[in-house]
Amino acid sequence: MALLEVKDLDVRFAVRGGDLKALRRISFSLDKGERLGLVGESGAGKSVAAFSILNLIAKPGYIAGGQILFEGRDLAAMSERELRRIRGNRIAMIFQDPMMTLNPVLTIGTQMVEAIQAHRKISRRQAREIALDRLRKVQIPSPEKRLDQYPHELSGGMRQRVIIAIALLLDPDIIIADEPTTALDVTIQAEIMALLLELCERENVALMLITHDLGVVSQVTQRMLVMYSGRIIEQGPTREIINDAQHPYTQGLINALPQMGEPGGAIVPDPRLHAVAEERALGVPLPPPLPLRQRAVPAVDAGLCPFRQRGRGLLRSEQPD
Amino acid sequence: MTTATVSRWDRFRESFFWYSFKRDKVAILSFLVLLTMVLAAVFAPWLAPTNPYDLAQIDIMNSELPPVGMAGADPAFPLGTDAQGRDLLSTILYGTRVSLVIGFGAVLLQAALGILFGLLAGYLGGKVDAILMRIADVQLSFSTLMVAIIVGAVFKASFGNLMFGEIAIYMLIFIIGVAEWPQIARTVRASVLAEKKKEYVDAAKVMGFGTGRIMFRHILPNTLSPIFVIATVQIANAIISEAALSFLGLGMPETQPSLGSLIKSGFDYIQSGSWWITLIPGLVLVVLVLVINLLGDWLRDVMNPRLYKG
Amino acid sequence: MTSPLVSIRGLEKRFDLSGGLLEQITFEKGRFRRRQEAVHAINGVDLDVQRGEALCVVGESGCGKSTVARTVMGLISPSAGEIHYDGQRIDNLEGKAALPYRRRMQMIFQNPYASLNPRMTIQQTLEEPIRFHFPTWSAAEVRDKVHEVMQSVGIDPDWGSRFGHEFSGGQRQRIAIARALAVDPEFIVADEPISALDVSIQAQVLNLLMDAQESRSLTYLFITHDLAVVEHFGTRVAVMYLGRVCELADTRTLFATPRHPYTQALLSAIPKLEDDRPNHIRLQGEVPTPVNLPSGCVFHGRCPYANERCRREVPKLIATDGGTRVACHAVEEGRL
């Protein structure tokens, strides 16, 4: 049995003029120790998927249907009290903005100790030991000093390391990381991703990595899902999809990436980038600009999805509904 | 040109503004009450049974008649009459008119000064900002009423009662307008500071546009929402200030009464049992100020709530 | 070689952090002292932009690349140094004298959500600069020009009466490009024009910029943090670190043989599709704050090849045999 199994998850946002379907019956699973990438562009629903797993969708969003089975128990049907026992304990989350997790007026140490004591009955001193151990694991220089520092005294990369340390505090089974390095510079991003990968491997933690960066997914994950307007349009082993994407959208996404020539200069990339086929190129007019609530209803429903005609029947593991 | 106006109207009906107005019962009710009062005030000369300014229509014999429904009432005067025999309904209609003119006038003056100084202080920054804002601070540290009382008293003493009566309405607009401009200037400055960091302002600078054009054509339209909110509340404040001044005898003369001076003129008779002369205009004042404030509250919620500083 | 279109000489920019005189005075060790702190955003940058090229300035946040762009455009005045455009010094021009350059030099901004005035329609946004710079044009000429630029960036001219917020991010960035093109500029500074956009949209916008360069013979100064994009776009690349240029080379040369240790690290840190694991060059520590600049080479704290000289002496940008210009003692001494 998979560690986490999402079945037909349907998430909607109640807005004026009706419901906005953010997730349309998506299903996927995550095994123990597996690293899964969730790729898509803004508005594809990848963050909503991450948040809904821990039932963290804020109003006006709500789970309209489906199951989220964690070790066979449905998280979607759990009470807030039961959920709290799982959040941060069994399933930890890393956000894009470290300040979403860190409280600016408390020291790192206090926050880590509180997080531990919320789930385990141990002394302050023991909790502090655990915190120190996790800070060492994320290779923060002089971890003892960090415990007594405030979040604003740390750099962006350091803060994200602290976040990872907090995520690891209670030896979770799953870490959900929502664009954990998007706000960071490339060199720091590389460090953090390498660290996250290393830790997940060593501690046998399952990782669900949400990102828009195919390069990162390729480096870190074993399996990936590609999302487009609330649906999973392609899923499979990462390497297989990167090398031989089946869905035209995934193909477009991969081709749109700037290609890097090899160091050594043997391959010179084509100076023109392959833009993802615009709707116009496929003979469907580009939809005129609309107010948000109309635009947000995915183009698929309007019959405007350029991938509709071509995309059918091409999914590796599931059919579009 | 009609297509443009139609699309404007459509845009308005699509807007969040209209949507939230439709759903807010308090806002709708307040708006309807205010609209009725404004219309009644504007059309007072046609609606009012008598003209209280016309001495020929006043009969002292009709003084202190109670409102309809009480013993001794005269159906010709539905809300009764005051001590000089003026029809209270007519005086209230005319009084509301005066109060509203002063309220709107003072706020227009405040807005003109506040927008100009706020834009200059926020956009130019540095010394201009420091000087203008210190002036604003000094101005705010005097209470509006205190300044108004001093200025009003000086004017009254130097021009005499008769002359003062003629210019009173302009005087009050001027005093309340000048005393309260820092409120708007500060709000404008705060939102200019936020707006001027945005890239569209840089884009305008890169185009080589002059300071004036950037301030008035590019930044000002984007600071209108908070100005609109605070101006609404300031109208209510101005009406109250005027009423308070008139009540103290430094506002509108009794020959051209505002709501404030009506309350004052009736106040002397409250002991003698003629409570309606004071109470009815008082109620009108309270309702007027209340609906404006309720509308202001609603506006603040709809428009950017962050920028509001009252 | 012809004279460069834009030349930046000895550019420095400090942003004062310490505020007014009263805030500068601190009480330390028993006596009052006046303390001044400044962010050293640019510390001596020399760059030439040749006619018709796209010079890319690359670096991580805080390296001063955006400050260079804004200083060139006159949005910020430099603390020291000069900027020349077509042989004329422009950083000290004011008012009327600067106006011709405001037309010839244009800028595209990072955030398409903030760079269009929310209270103006697209038509107004595009018409205003044209009317301003070509006051003799008739209304019909202005309309035709707006029509032309909108079409050239792929925005339907019929949408002119709509407001910016009704468009998607990519469409807005196209409109921002149209605004820059409307006054027929020669030189465009693009400050991270695609970093706020989705990958699929990025490609469209980059292609659009390349088309415009071809058809209007434009010169670009292109600011980005994304080295991968540069390989498609740039003629030459300048890599910046903490307010200094550490490597300047033809794009192809830079990607084939990066010389500066920082450039090498930066290149290796870009996640590539072919990778199965992160395989970047590990750097020590993090970027120091530009408030207290390290002495000597700004990169020495993180550089695996740093020695005593690097800690002491600021390296100069020196031409190497490969045509690359590198500011690195190790390269100069042949250690690297």
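What share of the contacts in chain A with a separation of 6 or more is accounted for by residues 24 or more positions apart? In this predicted model, residues with that spacing of 24 or more positions make up 65% of such contacts in chain A. The chain contains 12 helices and 10 strands, and of its 321 residues 44% are buried.

The confidence of the prediction for chain A can be described both as an average and along the sequence. The mean pLDDT of chain A is 79, with 80% of its residues at 70 or more. Two stretches fall under 50 throughout, namely residues 262-269 of chain A and residues 277-321 of chain A. For residues 262-269 of chain A the model has 14 contacts beyond four places in sequence, while for residues 277-321 of chain A it has 63 contacts of this kind.

Turning to chain B, the unreviewed UniProt entry places the feature "transmembrane region" at residues 26-48, 98-123, 135-155, 161-179, 227-253 and 273-296. Among these segments, residues 135-155 of chain B are 90% helix and 0% strand, and their end C-alpha atoms are 24 Å apart. Residues 273-296 of chain B, another of the annotated segments, are 88% helix and 0% strand, with end C-alpha atoms 37 Å apart. The unreviewed entry in UniProt also places the feature "domain: ABC transmembrane type-1" at residues 96-296 of chain B. Over that span the model is 84% helix and 0% strand, and the end C-alpha atoms of the span lie 19 Å apart.

Within chain B, helix α11, which runs over residues 259-267, is mostly covered, since 8 of its 9 residues are buried. These buried residues are L259(B), G260(B), S261(B), L262(B), I263(B), K264(B), S265(B) and G266(B). They pack against three helices of chain B, namely α5 at residues 88-124, α10 at residues 224-247 and α12 at residues 276-302.

Chain B also touches chain C, in a contact that takes 14 residues from chain B and 19 residues from chain C. On the side of chain B that touches chain C, helix α8 of chain B, which spans residues 199-206, gives the most, with 6 residues. By residue class, the side of chain B that touches chain C divides into 6 nonpolar, 4 polar and 4 charged residues.

How values were computed
Residues are numbered from 1 along each chain as its sequence is written. Chains are lettered from A and ligands numbered from 1 in the order in which they are written. This is a predicted model: local features need pLDDT of at least 70, side-chain atom pairs count only at pLDDT 80 or more; totals for chains, interfaces and linings use all residues. UniProt positions are given in the numbering used here, feature names are shortened, and annotations may be inferred rather than shown by experiment. Helices (H or I, at least four residues) and strands (E, at least two) are DSSP runs, numbered from the N terminus. Two residues are in contact if their C-beta atoms, placed from the backbone, lie within 7 Å. Ala, Val, Leu, Ile, Met, Phe, Trp, Tyr, Cys and Pro count as nonpolar, Asp, Glu, Lys and Arg as charged, and the others, Gly among them, as polar. pLDDT is the predictor's confidence in each residue, from 0 to 100. A residue is buried if 20 or more other C-beta atoms lie within 10 Å of its own, exposed if 12 or fewer, and partly exposed in between; C-beta atoms are placed from the backbone.
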